Amino acid sequence: MPAPRGIRIRFQPGWSATADTGLLGRDPRVRTLRRILVTYPDVRHILPDRISFESTADPRLLETVARFLERQQWLVRSVEVE
């Protein structure tokens, strides 16, 4: 069985990936983004700097989520599919 897959995110300056920032931040924009991300199928969990998907997730899904995140230029500097 393949290992779980994920997306690693590098943030714009001022947005770090510590416990209360990054994707787990309290900013209303980040909270809304997090609510959207959990609606994608096969999302296992969200950490401050990455999103983990089930090992059965379609590679096209990961690319779709990565492109969506790349458009969030106010927060995201770069995205890497693992």
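Two strands are taken to pair if DSSP finds at least two bridges between them. Helices (H or I, at least four residues) and strands (E, at least two) are DSSP runs, numbered from the N terminus. The model is a predicted one, in which local features need pLDDT of at least 70 and side-chain atom pairs count only at pLDDT 80 or more, while totals for chains, interfaces and linings use all residues. Residues are numbered from 1 along each chain as its sequence is written, and side-chain values use heavy atoms, with hydrogens and water left out.

The sheet provides a starting point. Strands of a sheet pair through backbone hydrogen bonds, either parallel or antiparallel. Here four strands form an open sheet in the order 2-3-1-4, with antiparallel pairing. Strand 2 (43-47) and strand 4 occupy the edges, each with a single partner strand, so one side of each is left without a neighbour in the sheet. On average, neighbouring strands of this sheet are turned by 15° against each other, direction ignored; the axes behind such angles are lines fitted to C-alpha atoms, for helices over the stretch in contact, and angles run from 0 to 180 degrees between N-to-C directions.

The pairings can be followed across the sheet. Strand 2 is joined to strand 3 in the antiparallel sense over four bridges, and histidine 45 stands opposite serine 52 in strand 3. Strand 3 also pairs with strand 1, again in the antiparallel sense and over four bridges; isoleucine 51 in strand 3 is found opposite isoleucine 7. Between strand 1 and strand 4, which run antiparallel, there are five bridges, and isoleucine 9 faces valine 79 in strand 4.

Helix 2 lies across strand 1, strand 3 and strand 4, running at about 10° to strand 1. The expected span of a helix is 1.5 Å times one less than its number of residues. For the 12 residues of helix 2 (residues 59-70) this gives 16 Å, and the end C-alpha atoms are 17 Å apart, which agrees. Leu61, Leu62, Val65, Ala66, Phe68 and Leu69 of helix 2 are buried, where buried means under 20% relative accessible area, exposed over 50%, and partly exposed in between (1.4 Å probe, protein chains only). These buried residues cover an arc of only 160° around the axis, which puts them on the same side of helix 2; the arc is that of the directions from the helix axis to the C-beta atoms. An α-helix has 3.6 residues a turn, so residues three or four places apart point the same way. The buried residues of helix 2 pack against strand 1 (5-11), helix 1 (28-37), strand 3 (50-53) and strand 4 (76-81), contact meaning heavy atoms within 4.5 Å.

Charged side chains add further links. A salt bridge is a side-chain nitrogen of Lys or Arg within 4 Å of a carboxyl oxygen of Asp or Glu, and the whole structure contains five of them. One joins arginine 8 to glutamate 82 (3.0 Å, N to O). Arginine 8 lies in strand 1 and glutamate 82 in the segment after strand 4, so the pair ties together parts that are 74 residues apart in sequence. Arginine 8 is partly exposed at 23% relative accessible area, as is glutamate 82 at 43%. Another salt bridge connects aspartate 49 and arginine 50 (3.5 Å, N to O); aspartate 49 is buried at 16%, whereas arginine 50 is partly exposed at 29%. Arg8, Asp49, Arg50 and Glu82 are linked in a network of salt bridges.
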